[in-house]
Amino acid sequence: MTSAANSGDRKTQLHSKIEDLNTQEIVIVDNVVTSIQAPAEHTVLKDSWLTAKEWAEAFLALLRVHHGLSREPLGTLQFEAAFNDASEAAGWTVTAAAGATNRFFDTVIVKDGARIVLSLKSTAAKALKENWVEISKLTEGAWIQDARRQADRRDRIVALFKEYRDITDGIIILRAFRETDGVRYQLVEIPTSLFEAVDSLSVENAQKGTIPFPADAVVPTFKIGIDRSDAKVKLAVHISAVTIHGQWKLAGEREPR
């Protein structure tokens with residue numbers, strides 16, 4: 001973490017570095033600084049384990065820097081980098097997954113001695129729903145097209161979600177809503193303990209393309225989508241079952257040029 005003294009040293013060093021920039025480099029730096037200084041609406045959940053003061057300040061700064069260079073909302077790879085950088089700024093130990101194809105999780109943080117394994121996702125789809133947090137590809141499921149017996153399909157689904165929650169503690173999703181006067185980001189967490197309900201999945205319900213939990217609920221807590229065409233598993237979780245850790249509103253164009 002940067003102390004007040006170190007901050008002063010960095011300002012002096014930054015002034016010195018700016019003197020050596022060419023015209024186009026100064027234009028870019030000016031755009032970034034202007035973006036960082038632009039007003040932004042932001043709220044964080046009180047007593048959130050994630051959006052502590054240092055984490056939230058670093059994440060907002062990274063969002064502003066991104067929008068100083070891009071008209072597009074933060075993408076998945078940029079979000080993963082920003083999440084890890086903000087976590088390190090908060091003083092936590094961060095270990096990113098070895099590769100982009102790592103199964104189920106993207107990063108591991110150690111905070112106050114607790115090890116937390118997380119899947120990180122982002123979406124800026126134009127049809128985002130306020131009341132449903134949707135993941136178009138939770139994971140691959142090559143077995144979907146191979147499960148011939150109805151009981152096999154049920155058993156595979158149950159085993160998949162048990163493995164998911166055994167490995168991963170939570171899914172953190174950055175949702176970017178394109179609004180008329182800018183981009184509204186919402187950071188939500190889906191606890192994988194939610195998937196315990198899948199253990200009681202019946203053979204009959206396992207055959208559905210979209211499987212609600214609870215099965216007889218008017219408004220399910222969550223829904224699993226099993227897509228045979230491209231062998232992937234989808235997820236939709238009602239907003240009442242997630243934690244909204246924070247929201248940030250940044251001014252800017254609604255659509256990219």
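## Exercises on strand β3 and residue T51

Strand β2 (residues 93-96) and β3 run antiparallel, joined by 4 bridges. The model is predicted.

**Exercise 1.** Place strand β3 among its pairing partners: which strands flank β3, and in what sense do they run?

*Solution.*
- Step 1. Take the β2 side. β2 is antiparallel to β3, with 4 bridges between them. One pair to locate: A96 has T107 in β3 as its bridge partner.
- Step 2. Take the β4 side. Strand β4 (residues 114-123) pairs with β3 over 5 bridges, also in the antiparallel sense. Here I109 stands opposite I116 of β4.
- Step 3. Inspect the connection. A hairpin links β3 and β4, with 2 residues between the strands. D112 sits in that turn and has a positive phi of about 55°.

**Exercise 2.** Determine how many residues of β3 (residues 107-111) are buried.

*Solution.*
- Step 1. Apply the cut-off: buried means under 20% relative accessible area.
- Step 2. Count. 4 of the 5 residues in β3 are buried, so the strand is mostly covered.

**Exercise 3.** Is T51 buried or exposed, and what does its side chain reach?

*Solution.*
- Step 1. Locate T51. It lies in the loop between β1 (40-44) and α3 (53-69).
- Step 2. Classify. The relative accessible area of T51 is 6%, so T51 is buried.
- Step 3. Find the polar contacts. The T51 side chain meets the side chain of S48 at 3.0 Å. It also reaches the backbone oxygen of H245, at 3.0 Å.
- Step 4. List neighbours beyond four places in sequence. T51 touches V44, L45, A56, L187, H245 and W248.

Note on methods:
Residues numbered from 1 in each chain as written. Predicted model: local features only at pLDDT ≥ 70, side-chain atom pairs only at ≥ 80, totals over all residues. Heavy atoms only, no water. Buried < 20%, exposed > 50% of the residue type's maximum accessible area, 1.4 Å probe, protein only. Pairing = 2+ DSSP bridges. Polar contact = N/O pair within 3.5 Å; in protein donor to acceptor, adjacent residues only side chain to side chain. Contact = heavy atoms within 4.5 Å.
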